[in-house]
Amino acid sequence: MIQTDSSRPERTSIPDPRGSEVIVDVRNVRYVYSLPEGKQVLALRDISFSVDRGEYVAVIGRNGSGKSTLAKLINVLEVPESGTVLVFGKPTDDDDTFWDIRKRCGMVFQNPDNQIVGTSVEEDVAFGPENLGIETDEIRKRVDRALNYVGLSELSKRAPSSLSGGQKQKLAIAGILAMMPEILILDESTAMLDPISRNEFMSLVDRLRVDHGMTVFHITHDMSEAGKTDRIIVLDKGAVVMDDKPERVFMRHSELLELGLDVPIYVRLVMSICSRLGVACDESYLTSQDAAVAAICQILKHRQTESDCQNIHPTDEQKELEPSEEVTAVPSKQGSSGSVLDADAIQAPHENHESDILIEVSHLSHAYEERIGNAISDISFDVRRGEILSVIGHSGSGKTTLISHLNGIVRPQSGSVVVHSTTGNRVYDTKKNADVREIRKTVGLLFQYPEHQLFEETVERDIAFGPRKLGLDSETIPERVRRAMQLVGLDDSILERSPFELSGGQKRRVAFAGVIASDPDVLILDEPAAGLDPVGRRAIFEYIRALKNMGKTIILVSHNMDEAAVYSDRLLVLSEGQLQCIDSPRALFSDMQRIKKIGLDLPEMVRLMLAFKESYSENVNAVIFDLASATDELLRASAVMRCSPVAGPDGGSHA
Amino acid sequence: MLKDISIGRYYDGSSTLHRLDPRVKLILFAVYMTAVFMVSSPAGIVASFFVVSGLVALSRIPLRVIIRSVRPIIFLMIFVFAINVLTMREGKYLVDFWIIRITDIGLERASVMTLRLFLLITSTTLLLSLTTTPLKMADALESLFGPLKKIRIPVHEMAMMMSIALRFIPTLVEETDKIMKAQASRGAEYDTGNVFVRAKGYASVLVPLFVSAFKRAEELAIAMEARCYRGGEGRTKLNPLKMKISDYWWLILLGLIAFVPVFVELFWEIG
C-alpha cells in the first residue's frame, strides 16, 4: 500500500505524566438566548463532548451555528440552560467555583480593538492580574514576561491605538498569558488579521501549547488553520455534527461543503486526483499538506506502472507550452459544488491590450503627514474596461490610500487621477470639485466591513441613499434597488426592515447592494469577503463574477492570493507605497525571482504545485491557481513521465 | 484635522514632574488654579509667568510641545483679549476710531486676562495631561475621592469609565474618519448643500458611529468579564500610587511657590 509520512511536526502532542486528564466535559448542554424583541433562539441543542488536557481543538461551523456560545460556556461567561459543563472537574453553574474556572481560562476575541482596556500596552497586560488581586511585584514580573514572550517588550509604554491589528491580538494574548491560564480559547481571533499577522499569531499559539502545555480551543473559518489541530468539532445549527481528527473530518468533505464549510486546498486536490483516477482516498493522505503531497506522488507513480499511454492526447506537449488555457474551462468531476477556487468560477483571462482605458493614474503620490513619508509614491497605471484588477500587498503598503484616490475621496497631492466617461469622450479629473460628482457616478467604492456604513431606518432607504444622492428620479430608484437586491440574493421581504436587525452576512449584502444600485461602471471593493464564513465568501465572489459578466470593471483589494489569482485579469502589487508591478497572475507568478524580490506571498495552490515540482517531477507547471487545472496538470505530468522516452521511469532511449 | 484633538495627550518623560504622585499633581492643579485667579495685576501675572516657566523647566518638556497643546485655545485667547480691550471705557484713550476705543487700562486688563488664561491652560496641561498618563489620573481621582465610596458614590466605576473613555477616543476618531469617507463615496455631503442635506450627511456618520460604539461597549464588557473583572473590590495595581517622602516635600514646596505671585502682587501694591 501507499506509504505516507505520518509524523506531523506541527502537531506536537504534550506528554502528560498523569496520563490523559479530562479538562473540559460538556454533557447534554442546551442553551437558549432571547432576542430583544422577545424571540427565543436555540443556540445549542444537547451537546456533549469532552476534551483532554493539552488537546488542540478546532471548532468550525457557519456563522450562527453556536460556536461563540460554546466558547462562552467554557469560560463561564454563560451557563447552560440544561445539562452540565465541567471545567477542571468543577461545574460552571456553581457560584463558589466559577471564578476559579474563569481565571484559569483565557479568551481572545475577534475584534482586536474591543478587548483592550488599558491606556498603555503594559497597563492592558496588567488588567487581568490586577483583577485577580495579585501582588504588585508579581504583576510587574508577569507583565514583563508576557510582553517579552509575545515580542512586544519595546512597545510596553505605547498607546494600544498605535498598534497594528496583529500587534493588538498579540497584546490580547499577552494579557491572558499574564493570568497564566491552562485553557486558551480563540474566538475567531484570526478573522480580522492579514495573512502575515495570522501566521505569526498562530505560531505564537503553537509555542504556548508546547511551552505551557495549554489546552487550546480555536474557533475559526480558516480550514488550513483547523487542519493543523488535533481534533475538529463541527457545529451546525447548535448541534455537534462531527467530532474527530482533522483527516477524518476532511474525508467527509462533501458533507462539509453541504454544511456551508470548506476544506483546505490540499484536501481538495487529493480528493480530486483520487476521484479522477478512481483510487480510494485514505484518511492518512489528509493528515497534513506534506502527507497529501507524498500521497499524491505515490498515487501518480503507482499509476505510471500501468501502461495506458494511448490515452494521452497528442497535443500534450503543446499544452505544456501554453499551460492549461483551455483546460480551465473543464470543470472537474469532484468538488465542483463550492469553493471559490473551483473551475466553474473561472473565465479565461482577457488579454486584450487594446481594450479602452477607464481610469488613468499618473505619478500619484500622497503623504498623510510629511514627517512619516509617503503613503504611496509615484504610482502610474491604467484601469482597463471590463477587467478585474486586484490590488495586492501587505498591510500598510498603501492599498487603501491608493483606491481612495480613484473616486476622489482623497485628492491627489501630486500626480493625477483621471476618469474617462463611458459614453462620450469626456475626461474627469479628481482634482476638480465639479468633476468629482460625476466621477462618483462612474466609480463606486466599497470600503472594508461596509456593513458599518448602514444608517437608514429601512433596508430600502439605505440602498437608495446612493442613487438618490446621484440625483436619480424617484421612478428609477425603486427599480434600481430591486435589481441590486436581486443580484446579491436579498429577498424583497426585508425591504422594510431595519438594517441593524439583520445578520452580519445580510448587512454586508445590503451594503453591497447600496453601491450596485448606483450602477457605477467601475466598482472598487476593499476586501469584500473579509470576516465572512465560507458560504458568505463564495456568495461575494459570485456577485463579483455576475458583475463582471454585466460588463463592469472591478478593482479588488485582497489579502487572499488564491482568490486574487483565480479571479483577476491583472494584479497590481504594492509594497511600501511603491508600485512593484502590474501584470497577469500567470506572468507574475511565473517569475519566481521577481516574487522573491518583492516579498510577495504565493497562492496556496502555487505553493502546493511547487512541492510537486520538487518532489515529483520537474515537468510540473506550478503556475496554476484553480483545482481543476491543478488536477489536470498533475495527471498530464504523470502521463508525460510515463510515456515520454526521456522522462519515463524505464526511459533513457537515447544514449 | 480630527487627529489633532489632544485630550489626554501624554508626553513620555522621566522628569520630576512626571514622577510626582498624580494625587500631588491633582492637588497642585487646584492650588495653581486658585493662585492664578488670585492675581490680577501685571506684576502678579509676570511673577506667575515665571512660576509656570519654572514648572515647564521642571517637566523638561520641549516648548514646542507645550505651544502645540495651547494652540487650540488661541482663538479663545484672542476673543477674551478683544472683548476686554473693546469694552473697557475707563482710562486714557490710546485709540479712538469709529467704534474702536482702546484705553490704557483696557489694554492692561485685557493682557492680564489673556495671559492668565494662557497660564491656566499651560499649568493644567503640564500638571495633568502632559506629564500624567490618563490611567494614573483616573487612579488619582479614585484615590482622592475614595472616601466618597462610603456615601455610595461609585468612585471606582467612574474612574474606570474615564480611563476607558480615554482609551477609546483615538479608536473612535479613526472610525469617524473611516465612516465619513465611506459615506462621502456614497454621495453624502457634509459641507455643501442646504441645512437638510448637511444634517443628513452628519446623520449618516453619527448613526453608524453610535451603533458601533454600543457594539464595542458590549464586546468590551464581555472581554473585561472574561479577564475576571468584578469591580474595584480586591483589585491590585501594576503601578499602585504610593506617596514617597519626596512627594510630600514637593507638594509643600510647589504649593508654596504657587502663592509667590500673590505675595509679589501684595508687596508691589504696598511698595
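Strand β13 (residues 388-392) of chain A pairs with β19(A) in the parallel sense over four bridges, where strands are DSSP runs of E of at least two residues, helices are DSSP runs of H or I of at least four residues, and both are numbered from the N terminus. Two strands are taken to pair if DSSP finds at least two bridges between them. The model is a predicted one, in which local features need pLDDT of at least 70 and side-chain atom pairs count only at pLDDT 80 or more, while totals for chains, interfaces and linings use all residues. Residues are numbered from 1 along each chain as its sequence is written, and chains are lettered from A and ligands numbered from 1 in the order in which they are written.

**Strands β19 and β3 of chain A**

Within the pairing of β13(A) and β19(A), Ile392(A) stands opposite Val573(A). Strand β19 (residues 570-575) of chain A is mostly covered, with five of its six residues buried; a residue is called buried if 20 or more other C-beta atoms, placed from the backbone, lie within 10 Å of its own, exposed if 12 or fewer do, and partly exposed in between. β19(A) also pairs with strand β20 (residues 578-583) of chain A, in the antiparallel sense and over five bridges, and Leu572(A) has Ile582(A) as its bridge partner in β20(A). The two strands β19(A) and β20(A) form a hairpin with two residues between them, and Glu576(A) in the turn has a positive phi of about 50°.

Strand β3 (residues 56-61) of chain A is largely enclosed by the rest of the structure, because six of its six residues are buried. Tyr56(A), Ala58(A) and Ile60(A) point one way from β3(A), whereas Val57(A), Val59(A) and Gly61(A) point the other way. In the parallel pairing of β3(A) with β8(A), Val57(A) stands opposite Phe217(A), and in β9(A) the bridge partner of Ala58(A) is Ile232(A). The table sets out these pairings of β3(A) and β19(A).

| Strand pair | Sense | Bridges |
|---|---|---|
| β13(A) and β19(A) | parallel | four |
| β19(A) and β20(A) | antiparallel | five |
| β3(A) and β8(A), residues 215-219 | parallel | four |
| β3(A) and β9(A), residues 231-236 | parallel | five |

**An open sheet and its helices**

Four strands of chain A form an open, antiparallel sheet in the order β12-β11-β14-β15. β12 (376-384) and β15 (427-429) of chain A stand at the edges with a single partner strand each, so one side of each is left without a neighbour in the sheet. The twist averages 15° from one strand to the next, with axes being lines fitted to C-alpha atoms, for helices over the stretch in contact, and angles running from 0 to 180 degrees between N-to-C directions. Strand β11 (residues 357-366) of chain A is joined to strand β14 (residues 414-420) of chain A by five bridges, and Ser362(A) has Ser416(A) as its bridge partner in β14(A). Helix α13 (residues 399-406) of chain A packs on the sheet and touches β11, β12 and β14 of chain A, its direction making about 130° with that of β11(A). Helix α14 (residues 433-442) of chain A likewise packs on the sheet, touching β14 and β15 of chain A, and its direction makes about 115° with that of β15(A).

**Chain B and its contact with chain A**

Chain B holds eleven helices and two strands. Its radius of gyration, taken over C-alpha atoms, is 23 Å, where a compact globule of 271 residues would have one near 18 Å, the globule rule being 2.2 Å times the number of residues to the power 0.38. Buried residues make up 31% of the 271 residues in chain B.

Helix α7 (residues 134-144) of chain B is largely enclosed by the rest of the structure, because eight of its eleven residues are buried. The cover over these buried residues includes α3 (121-132) of chain A, together with α2 (22-38), α6 (104-130) and α8 (155-185) of chain B.

The contact between the chains takes 52 residues from chain A and 44 residues from chain B, two residues being in contact if their C-beta atoms, placed from the backbone, lie within 7 Å. On the side of chain A that touches chain B, the largest share, eight residues, comes from α3(A).
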